[in-house]
Amino acid sequence: ACRLPWWRSRATCKLWQSGHFVPWDRCQMLSIKGISKTVGQEQQAGMKEKQVLEDLEMPLARRGMETLFQEQPETGNQYLEDTLLQSYLKTHLPPKVLEKVHQDLERFGNRLLTEIQPLSWECELNPPVFQQHDAWGRRVDRIHTCSAWRRMKEISAEEGLIAEAYERRYSSWSRLYQAVKLYLFSSSSGGFSCPLAMTDGAAKVIESLGIPGSLKNAFDHLTCRDPEKFWTSGQWMTERRGGSDVANGTETVARKQPDGTYRLYGFKWFTSAADSDVTLTLARIADAEGQCTQGSRGLSLFFLRVRDEEGKLNSIQVQRLKDKLGTRQMATAELWLQGARAELISAEGRGVAAISSMLNITRIHNIIGAVASMRRMISLSRDYARKRVAFGKLLKDHPLHMQTIARMEVQVRGAFLLLMEVVRLLGLAETKLASEQEQLLLRLLIPVAKLYTGKQASAVAVEAMESFGGQGYMEDTGLPVILRDALVLSIWEGTTNILSLDVLRSLAKSQGQAVAVFLSTVQKKLELASGTEDLAPAVQRTREAIGSLRQFMAAAGSEQALTMELAARDFSYSLARIYTGRAKTGTQNQATGWDWHGPSLSPSRWCNQELCPVAAESRRGSYGDGAALQDSALVFGSSRL
């Protein structure tokens, strides 16, 4: 008899008795009647049943070598399948801009499917290799990348993935358009999105400095569309002490030369995209006695070419490549700077301030990557649900399975709208169209969106992987790659806690103006949506969350600084959820058309969660007197029942 799980022990498998082994769900499919099918699925299901019958005639010895009987999840043109993206663009872009953008994105979606996605898998299968010596023992320090990786660089130039933001063909909408292309490109980029983030950041720094004559050539290379001339940039900040504390962790010394340039000496412990053409880095300028100013006031920003005109490294030695959990497609290295020639591009001691614009851009790219990875996983899960038969019916007909995907869908929709709001504000700021209030809001939302979407991406990736069952755990499906690469998103460019504290600094620096703008912006959007009956519950819950946030802030104002530090993470989560609730109710009010059973379903689902966790935790005493000591005792104290 067929050996089945205990809950099916009373069933028998006649196919096994006849000498043919068929997995249980395939046996069940032979007797399925009236499976609910989507459009176009009926013919596919019929072909599948025919294949099962043909499989029964296959000898057992041969069947043992066959593959698993499951349909591969697939996606088509990412742009055409992303109805939320199309709806957003249709609602917000001027008609003439929309017409041009739509045509280009449809074309780009086809290129992603036919050319770029295969290159992405090739990048994963052929990670960079470090060759320290040649066959004769000479030190060469070569980082070998695969042809697909190099082709990604060419495609990035051809598609204007950096250039689009700086050409400003569509005024303030150019930055949003660039973000949309990067969003589509990210999950198919084979990790090349990371060097693009730093390239965009470097271009932004140079532009913010007024594109000085000495950097005009570099700016042109970083923002050009010619694959032969396009440069990528690194961002070398992390040193041996590691972490985000660059003020106290930077040991690299810059020594001025007679010709006005500098020579850099130090060790860079974590340098992403080590094969880039140029880089920006921080160092401390040594005075005539060789002394350096410590702290952030001693840091200056430098620009350097990684190689000279002959292709030789610029007095740089590669110690090793990092063995990372994810983003293996990209070369991340430990480097010794042994007199690397560099140019000072910030005012002396103003390096942190000068590089801040780069950090804002790379954090926005991090948000893009987070939203893109979530969308990719859910798209695959959705397609798989239409194909996979289990326990007598398609996965899409199992209510609990669809509830799980629906909850993930709500998260990615919220993250998408938060991303679009950030890049919309950035576009206004770059074209001098942003008000002072909008600039304050942008400064606040960047760390909030980065920290929140980074956590969302990890959670969604794990949940979505589970929706494929055991296949989700198989390396050659490509699904584990998405999970591994998503895990870096809550770490790179500032961990969740570091960015939460950055949010508090933003509020303090603006003397309360940033949070006042935040609250008024949310309130105005809710007033616009209040006349829509379907949105009434979501609007009411968002208003209640705002009230709770105001009460917490009023109470926290009289508390010690430790209270706000303990509350920083939950406070940032509250800002993210409330603002996204504002975006969802506001977007729905603009009739972008959610493709769900009810017009207000997505906003309602979002607002059903705890929108203001900081107030809820405050009521529980999580930030009160002794909370920090209790936390330490719980972590380091003895454990007793």
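1. Glu-421 counts as buried, since its relative accessibility is 7%. In this predicted model, Glu-421 forms a salt bridge with Arg-424, and the closest N and O atoms of the pair are 3.0 Å apart. The two residues are three apart in helix α15, so that about one helical turn separates Glu-421 from Arg-424. Arg-424, with a relative accessibility of 21%, counts as partly exposed, the cut-off for a buried residue being under 20%.

2. Other salt bridges deserve a look alongside that pair, and the structure holds 45 of them. Salt bridges that share partners join Asp-104, Arg-107, Arg-111, Glu-115, Arg-151, Glu-154, Glu-158, Glu-159 and Lys-181 into one network. Within this list, the side chains of Glu-158 and Arg-151 meet at 3.2 Å, N to O; Glu-158 is partly exposed at 34% relative accessibility, and Arg-151 is likewise partly exposed, at 22%. As a general matter, side chains of opposite charge can pair when their charged atoms come close.

3. A further salt bridge brings together the side chains of Glu-164 and Arg-169, with an N to O distance of 2.7 Å. Glu-164 is buried, its relative accessible area being 1%, whereas Arg-169 counts as partly exposed at 48%.

4. Which residues, beyond its neighbours within four places in sequence, are in contact with Arg-582? They are Glu-421, Thr-521, Val-522 and Lys-525. Arg-582 itself is placed in helix α21, which covers residues 561–589, and at 8% relative accessibility Arg-582 counts as buried. Thr-521, Val-522 and Lys-525 are among the buried residues of helix α19, while Glu-421, the remaining contact, is buried as well, at 7%.

5. Helix α19 runs over residues 513–529, and its 17 residues should span 24 Å at 1.5 Å a residue; the end C-alpha atoms are 25 Å apart, which agrees with that expectation. The buried residues of α19 include Ala-514, Val-515, Val-517, Phe-518, Leu-519, Leu-526 and Ala-529.

6. Phe-518 is also one of the residues with the most contacts inside the largest nonpolar core, a group that further holds Leu-89, Leu-176, Leu-184, Phe-416, Leu-549 and Phe-571. This core has 153 residues, and its largest share, 17 residues, comes from helix α14 (residues 351–387). Apart from it lies another core, of 20 residues, among them Ala-274, Leu-304, Leu-321 and Ala-342.

7. For Phe-571, the residues touched, not counting those up to four places away in sequence, are Val-503, Leu-504, Leu-507, Leu-549, Phe-552, Met-553, Met-564 and Val-614. Leu-549 thus appears in this list and also among the residues with the most contacts inside the largest nonpolar core.

8. Leu-89, another of the residues named for the largest core, lies in helix α6 (residues 83–92), where Leu-84, Leu-85, Ser-87, Tyr-88 and Leu-89 are buried. Against which helices do the buried residues of α6 pack? Their partners are α5 (78–81), α7 (95–125), α10 (173–186) and α15 (399–430).

9. At the surface, Leu-634, Val-635 and Phe-636 make a nonpolar patch of about 420 Å². Leu-634 belongs to helix α24, which covers residues 627–636, and its relative accessibility of 71% places Leu-634 in the exposed class, for which the cut-off is over 50%.

How values were computed: Residues numbered from 1 in each chain as written. Predicted model: local features only at pLDDT ≥ 70, side-chain atom pairs only at ≥ 80, totals over all residues. Heavy atoms only, no water. Patch = residues over 30% accessible without salt bridge, like charges linked within 9 Å, V, L, I, M, F, W, Y side chains within 5 Å. Areas by Shrake-Rupley, 256 points an atom, 1.4 Å probe, with all protein chains shown as cover. Salt bridge = Lys/Arg side-chain N within 4 Å of Asp/Glu carboxyl O. Helix = DSSP H or I, 4+ residues; strand = E, 2+ residues; numbered from the N terminus. Buried < 20%, exposed > 50% of the residue type's maximum accessible area, 1.4 Å probe, protein only. Contact = heavy atoms within 4.5 Å. Core = buried A, V, L, I, M, F, W, Y, C linked by side-chain atoms within 4.5 Å. Expected span 1.5 Å × (residues − 1).
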